[in-house]
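Colleague: Could you take one part of this model and look at it closely with me, going slowly enough for a first-year student to follow?

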Amino acid sequence: MAADFDAIVVGAGCAGSVAAYVLAAKGKSVLLVERGEDAGSKNMTGGRLYAHALREVLPHFEDNAPLERKITTERISLITQDECTTVSFASPRLGEAACDSYAVLRGPFDRWLASQAEDAGAECVFGIAVEDVLWDEDRIAGIVAGGDALTAEVVIIADGVNSLLTEKAKLASRPRPHQIAVGVKETIALSERVISDRFCAADGEGSAWLFAGAATQGHVGGGFLYTNRDSISIGLVATLSDLCTSAVPIYQMMEDFKAHPSIAPLLRGGSLAEYSGHLIPEGGLAMVPELCRDGCLVAGDAAMLCINLGYQVRGMDYAIASGRIAAEVAAEALDAGDTSANRLSAYKLKLSESFVLKDMQAHRDFPAFMEGTPRIFKGYPEMAADIMRGMFAVDGSPVRPMKRIAMEPVKRMGVLTLLKDVRRGMRAL
Amino acid sequence: MIDAASWTVNVDEKLAVDKFNVDEENAHIVVRSRPSEAEFDKLVLCCPAGLYKRTPEGETEFDYAGCLECGTCRILCGDTILEKWTFPQGGMGVSYRYG
């Protein structure tokens, strides 16, 4: 008996909607199922989208995608309780088409992306939670949703970081607390003009800003800030295995972070538009599940494709690329009339030949480096502030030689410790 | 034991701006009765919505209304003090407008 659909895609996030779009554009019958009442209603990003992967799928996305601001200024700060040492890089070249990136909000962005799939011919249903995969012996033959079984030649699982389906499909086990970070975010409404002024941004442009240190009160993780058109996304990311040893809850950390003297003036007069929370798969290559089996592929956060390097945080571009590649492999398999694991394993091969798994492979040791180097979060931010204060604070006492200003704080940390950490960090990058 | 005396923020005020369709009939997360104190306190600290609470008397308290469906409790305590963790039924639960 023929299946109800050529393909069923579970989850209308970046990976799922792109997979549905690509399959529909190739003339396949596709069902895209999303548990939220609309696409994006369960999703949250910091966040910033690196556009290269989207451009590959939708070359003219800039004409109508709801992009907040093009990011042309990058900042990284080490912060103590009341001090802030920042590296800032502003460049028009960050906005050029090969490497442009945009602040986005997933509500509007995901609705737009799902509408691209719908316009291409995918059938989209919202407000339906997929409860299980449908088995036909060892093969995945569809989904179970609302008590009904729906069949497809191939199922693409893109149900996000809390993928209950990859567990049910026996492709993954539940991630461990050291592999997962929780992100909390406040979307603070401010006028477009005020944001442009506070961040010295040209019209339509803005900043991405990452923080390590007191943002998470010395715990593994960091703070983030992105400028949207008329709101600011500000939040924290903290690794669960370490956060659960904190003295205060994450929402109190968030409040303290917003009150930091380098942050509070940027938010002044803004009003809270939304408070959100989401998990981030930060365990790197080691937590990537089995990516295919008979009748099934996994893409996006469900495949744990994400990297946080402290200066680059990426997941959405990997989701888009993996959704595209999964759909291309699925379409070829459908044409060949063979959606066995053997045929679908071309997905793994293509992903490993693409930037997605090449990046994950290149940075496979970085999660352990972050976790094993607590000084990044408590120690180095204070050291940096000590050096800066030594340089900039003038109180009329005789000047000290630069060598002492710089080296005394380093010696307090331990010169060898610092050298070893730098060496280990460079290796992991 | 958790010391909440220095916590100044009321997380319920943050949640009040979010849009929820709470499923009053079905709890999508259920905590076991008499949960381990140490495990429960992990969730007091890590749940972004502050749904795992200690009363002033130190009793444990949990309410799934206000859940952001992030999965923090599933990852930390899914095997220890949770009897059930699933997503709300389709269309129910939090509905981000910005995200």
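Modeller: Let us begin with a pair of residues: T187(A) sits opposite S233(A), a residue of strand 14 of chain A. Please keep in mind throughout that this is a predicted model. The pair belongs to a longer pattern, since strand 11 of chain A and strand 14 (residues 231-239) of chain A run antiparallel and are joined by nine bridges. Strand 11 of chain A also pairs with strand 15 (residues 271-281) of chain A, again in the antiparallel sense, and here the pairing extends over ten bridges. On that side you can pick out A189(A), whose bridge partner in strand 15 of chain A is S271(A).

With these two pairings in view, we can ask how strand 11 of chain A is placed in its surroundings. Nine of the ten residues of this strand, which covers residues 180-189, are buried, and strand 11 of chain A is therefore largely enclosed by the rest of the structure. To follow that step, you need to know that a residue is called buried when 20 or more other C-beta atoms lie within 10 Å of its own.

It helps to set the strand against the whole chain. Chain A contains 17 helices and 19 strands. Its radius of gyration is 23 Å, close to the 22 Å that the globule rule gives for 429 residues, so chain A is as compact as a globular protein of that length. Buried residues make up 55% of the 429 residues in chain A. If we take the contacts in chain A with a separation of 6 or more, 73% of them link residues 24 or more positions apart.

Let us turn next to the nonpolar interior. In soluble globular proteins, nonpolar side chains tend to be buried together. The largest nonpolar core in this model has 166 residues, and those with the most contacts inside it are A19(A), I156(A), L297(A) and A330(A). Helix 10 of chain A, spanning residues 316-336, gives the most to this core, with 13 residues. L297(A) shows what such a position looks like in detail, because once its neighbours within four places in sequence are left aside, the residues in contact with it include V154(A), I156(A), L291(A), A326(A), V329(A) and A330(A).

Finally, chain A has a partner, for 33 residues of chain B are in contact with 43 residues of chain A. The residues on the side of chain B that touches chain A divide into 17 nonpolar, ten polar and six charged.

Key
Residues numbered from 1 in each chain as written. Chains lettered and ligands numbered in written order. Predicted model: local features only at pLDDT ≥ 70, side-chain atom pairs only at ≥ 80, totals over all residues. Contact = placed C-beta atoms within 7 Å. Nonpolar A, V, L, I, M, F, W, Y, C, P; charged D, E, K, R; others polar. Core = buried A, V, L, I, M, F, W, Y, C linked by C-beta atoms within 7 Å. Buried ≥ 20, exposed ≤ 12 C-beta atoms within 10 Å, placed from the backbone. Helix = DSSP H or I, 4+ residues; strand = E, 2+ residues; numbered from the N terminus. Pairing = 2+ DSSP bridges. Rg over C-alpha atoms; globule rule 2.2 N^0.38 Å.
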